[in-house]
Amino acid sequence: MSKPRRVLFVTVGMTALNATNLGAHVEGAADLREEAAAFLGGTDPAPDFFQRVLEAHQAFWRSGLPVRENRFATSAEMASSWYFLRVQASERSMGPERDRIVLFEPGRDRIVLLASDTAQGKFCARVNESLMKEYLFSRPCTDSESTCMEVIKGLEAKEHGFACQIVDSIEEIWSRHTAAGETIVNITGGFKGTLPALTWRCERTENCSMFYTHDSMDRAETITFFKERPPQYAERPIII
């Protein structure tokens, strides 16, 4: 794959594991949440745990239920990224063609999951990557170069703070995924220790924006960076 047209960087937190209503659309939800809590606490999961967690999220996305009203059944990374594309759709186009225009295209665009340097962080990134392949592209994506997980070295909460190599790690990752057109950074999930480095990088990247929403908010916030003028800050109403 040549340089991708658009790149979406997504910082990854733990909501793929600790979503309040995880498993609401499959049997055995209570047991699944108990296992997820144990894994977050350091217990090694069962061999089939990943598949069961993934299927729990897939059941929600296949249900066709409104995303905002049911957002606690899936990950914050998926809900916010899905929303971002629909916001773009409503702003750039109208009618039945709009999703085709703005959804990512396999082989042309790329989603990069930024994971913490932990077993749980990598697990959640893998869950989100699988979901994004299926639901954030114009068709289910089998192109291995259109999505990837990148681990931010040193991104693990410790008693004395985050490791000093986070900035260098983000720089290395960013250089591997330079977009030909638009760069988007979804900072909804993940350790906020990445934000200074990501903000600094966005300020130095042409046609780049940062996007954030919180599960308690009724709107999303976006800041777009320009090299020759101050950044533009916008609030966009939730439409999902």
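**Exercise 1. Surface and overall make-up**

How much accessible surface does the protein chain have, and what percentage of it belongs to carbon and sulfur atoms?

*Solution.* The model under study is a predicted one.
Step 1. The accessible surface of the protein chain amounts to about 11500 Å², and carbon and sulfur atoms account for 51% of that surface.
Step 2. Of the 240 residues in the protein chain, 47% are buried.
Step 3. The secondary structure consists of eight helices and seven strands.
Step 4. Among contacts between residues at least 6 apart in sequence, 66% join residues at least 24 apart.

**Exercise 2. The two sides of helix H2**

Determine which residues of H2 are buried and which elements they pack against.

*Solution.*
Step 1. Helix H2 covers residues 29-40 and has 12 residues. From its first C-alpha to its last, H2 reaches 16 Å, close to the 16 Å expected at 1.5 Å a residue.
Step 2. The buried residues in H2 are Ala-29, Leu-32, Ala-36 and Phe-39. Viewed down the axis of H2, its buried residues lie within an arc of 85 degrees, so they line one face of the helix.
Step 3. A general property of the α-helix is relevant here: with 3.6 residues a turn, residues three or four places apart point the same way.
Step 4. Ala-30, Asp-31 and Glu-34 are exposed on the other side of H2.
Step 5. Helix H1 (15-18), helix H3 (49-63) and helix H6 (119-135) are the packing partners of the buried residues of H2.
Step 6. After H2 comes Gly-42, with a positive phi near 110 degrees.

**Exercise 3. The nonpolar cores**

Identify the residues with the most contacts inside the largest nonpolar core, and the elements that supply this core.

*Solution.*
Step 1. The largest nonpolar core has 43 residues. Phe-49, Trp-61, Ile-111, Phe-123 and Val-127 have the most contacts inside it.
Step 2. At least two residues of this core come from each of strand S1 (6-11), H1, H2, H3, helix H4 (76-92), strand S2 (110-115) and H6.
Step 3. Leaving aside residues up to four places away in sequence, Phe-49 touches Leu-17, Leu-32, Glu-35, Ala-36, Phe-39 and Phe-123.
Step 4. A second, separate core has 19 residues, including Val-7, Phe-9, Val-185 and Cys-202.
Step 5. In H6, the buried residues include Phe-123, Val-127, Leu-131 and Tyr-135. The 17 residues of H6 should span 24 Å at 1.5 Å a residue, and the distance of 25 Å between its end C-alpha atoms agrees.

**Exercise 4. Two loop residues**

Is Thr-188 buried or exposed, and what does it touch? Which loop holds Asn-207?

*Solution.*
Step 1. Thr-188 is placed in the loop between strand S4 (182-186) and H8. Its relative accessible area is 13%, under the 20% cut-off, so Thr-188 is buried.
Step 2. Beyond residues up to four places away in sequence, Thr-188 touches Thr-11, Ala-76, Ser-80, Phe-211, Tyr-212 and Thr-213. The C-alpha atoms of Thr-188 and Met-210 are 9.6 Å apart, although 22 residues separate the two along the chain.
Step 3. Asn-207 lies in the loop between helix H8 (195-203) and strand S5 (208-212). Its relative accessibility is 40%, so Asn-207 counts as partly exposed.
Step 4. The phi of Asn-207 is positive, near 55 degrees, in a residue other than glycine. In general, most residues other than glycine have a negative phi.

**Exercise 5. Cysteines**

How many disulfides does a search of the whole structure find?

*Solution.*
Step 1. The search finds zero disulfides.
Step 2. Cys-141 is buried at a relative accessible area of 7%, and Cys-148 is buried at 18%.

Technical notes:
Residues numbered from 1 in each chain as written. Predicted model: local features only at pLDDT ≥ 70, side-chain atom pairs only at ≥ 80, totals over all residues. Heavy atoms only, no water. Disulfide = S-S within 2.5 Å. Buried < 20%, exposed > 50% of the residue type's maximum accessible area, 1.4 Å probe, protein only. Helix = DSSP H or I, 4+ residues; strand = E, 2+ residues; numbered from the N terminus. Contact = heavy atoms within 4.5 Å. Areas by Shrake-Rupley, 256 points an atom, 1.4 Å probe, with all protein chains shown as cover. Expected span 1.5 Å × (residues − 1). Arc of directions from axis to C-beta. Core = buried A, V, L, I, M, F, W, Y, C linked by side-chain atoms within 4.5 Å.
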